[in-house]
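Trainee: I am new to this structure. Please take me through one part of it closely, the aromatic rings and what surrounds them. Where should I start?

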Amino acid sequence: MNAPHTDVEQVEAANTAFYEAVEQGDFEKVSEFWLTPSDLGVDESYHDPADVGVVSCVHPGWPVLTGRGEVLRSYALIMANTDYIQFFLTDVHISVTGDTALVTCTENILSGGPAPEGDDELGPLVGQLVVATNTYRRTPSGWKLWSHHASPVLAETEGEEGEDTTP
């Protein structure tokens, strides 16, 4: 069994590499980070994916996606429709218990869509603040994502901070 600090370092490296793969638009690499039934020693040919090791994902504003196919399709769609994305992870906390790890973090996202028609430049950049929980499972080939759940953080409007709501 690995030392706890080594596990935390390995999970942190896997988490960072996952976000880098999304930034690079590398679908094959993103796919490698998601858990498969065979990662758990389950024979996929005699296996209902709903039984063991089902992956799930919730993108901000999306319904829950379950199953490897649905989750990976969502990443393919996001990467196909996003010309630029960069994640600045803050408030990262990693907890490892046995073969399961939980990562909570704030995703400070900078993204840009396609340029206006006839323009070669990147479309306007947009910033977004999202909190995320990533659950990893230890496999023979390293830590793999079991679940990703991300929710937007609502920005405070002017006048809300420190505003006294008592009558």
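Mentor: Start with the whole chain. Buried residues make up 33% of the 167 residues in this protein. Keep in mind that the model is predicted. The protein has three helices and six strands. Along the sequence, these follow the pattern α-α-β-β-α-β-β-β-β. The exposed surface comes to about 10,000 Å², and carbon and sulfur atoms supply 53% of it. Now take the contacts between residues at least 6 apart in sequence. Of these, 52% join residues at least 24 apart.

Next, the rings. There are six aromatic pairs in the structure. One of them is F18 with F33. Their centres are 6.0 Å apart, and the planes meet at 75°. That makes the pair edge-to-face. Look at where the two partners sit. F18 belongs to helix α1, residues 4-24. F33 is in the loop between α2 (27-32) and β1 (56-58). The two are 15 residues apart, and the pair links distant parts of the chain.

Are these two rings buried or exposed? F18 has a relative accessible area of 1%, so F18 is buried. F33 has a relative accessible area of 12%, and F33 is buried too. The cut-off for buried is under 20%.

F18 has another ring partner, W34. Here the centres lie 6.3 Å apart and the planes stand at 80°, so this pair is edge-to-face. W34 is in the loop between α2 and β1, while F18 is in helix α1, so the pair ties together parts 16 residues apart in sequence. W34 has 0% relative accessibility, so W34 counts as buried.

Now widen the view. Ring pairs link F18, Y19, F33, W34, Y75 and F87 into a cluster. Several of these names return in the nonpolar core. The largest such core has 30 residues. Among those with the most contacts inside it are F18, W34 and Y75. V11, V30, V71 and Y136 are on that list as well. Which elements supply at least two residues each to this core? They are α1, α3 (68-80), β3 (84-97), β4 (100-112), β5 and β6. Helix α1 gives the most, with six residues.

Follow V11 for a moment. Set aside its neighbours within four places in sequence. V11 is then in contact with I94, V96, A101, V103, Y136 and W143.

That brings us to the sheet. Six strands form an open sheet, and the pairing is mixed. The order is β2-β1-β6-β5-β4-β3. Which strands are at the edges? They are β2 (65-66) and β3, and each pairs on one side only.

Walk across from β1. Strand β1 runs parallel to β6 (residues 142-152), and three bridges join them. S56 stands opposite S147 in β6. V58 has H149 as its bridge partner in β6.

The next pairing is β6 with β5 (residues 125-139). These two are antiparallel, over ten bridges. They form a hairpin with two residues between them. A132 stands opposite A150 in β6, and R138 stands opposite W143 in β6. You have met W143 already, as a contact of V11.

One step further, β4 and β5 pair in the antiparallel sense over 13 bridges. C105 has A132 as its bridge partner in β5. So far, then, A132 has appeared opposite A150 and with C105.

Finish with one more ring. The charged end of R137 sits over the ring of W146. The distance to the ring centre is 4.9 Å.

Now put the picture together. F18 pairs with F33 and with W34. F18 and W34 are also among the residues with the most contacts inside the largest nonpolar core. Helix α1, where F18 lies, gives the most residues to that core. Strands β5 and β6 each supply at least two residues to the core, and they pair with each other over ten bridges.

Technical notes: Residues numbered from 1 in each chain as written. Predicted model: local features only at pLDDT ≥ 70, side-chain atom pairs only at ≥ 80, totals over all residues. Heavy atoms only, no water. Phe/Tyr/Trp six-rings, centres within 6.5 Å; stacked < 30°, edge-to-face > 60°. Helix = DSSP H or I, 4+ residues; strand = E, 2+ residues; numbered from the N terminus. Buried < 20%, exposed > 50% of the residue type's maximum accessible area, 1.4 Å probe, protein only. Lys NZ or Arg CZ within 6 Å of the ring centre and 35° of its normal. Pairing = 2+ DSSP bridges. Contact = heavy atoms within 4.5 Å. Areas by Shrake-Rupley, 256 points an atom, 1.4 Å probe, with all protein chains shown as cover. Core = buried A, V, L, I, M, F, W, Y, C linked by side-chain atoms within 4.5 Å.
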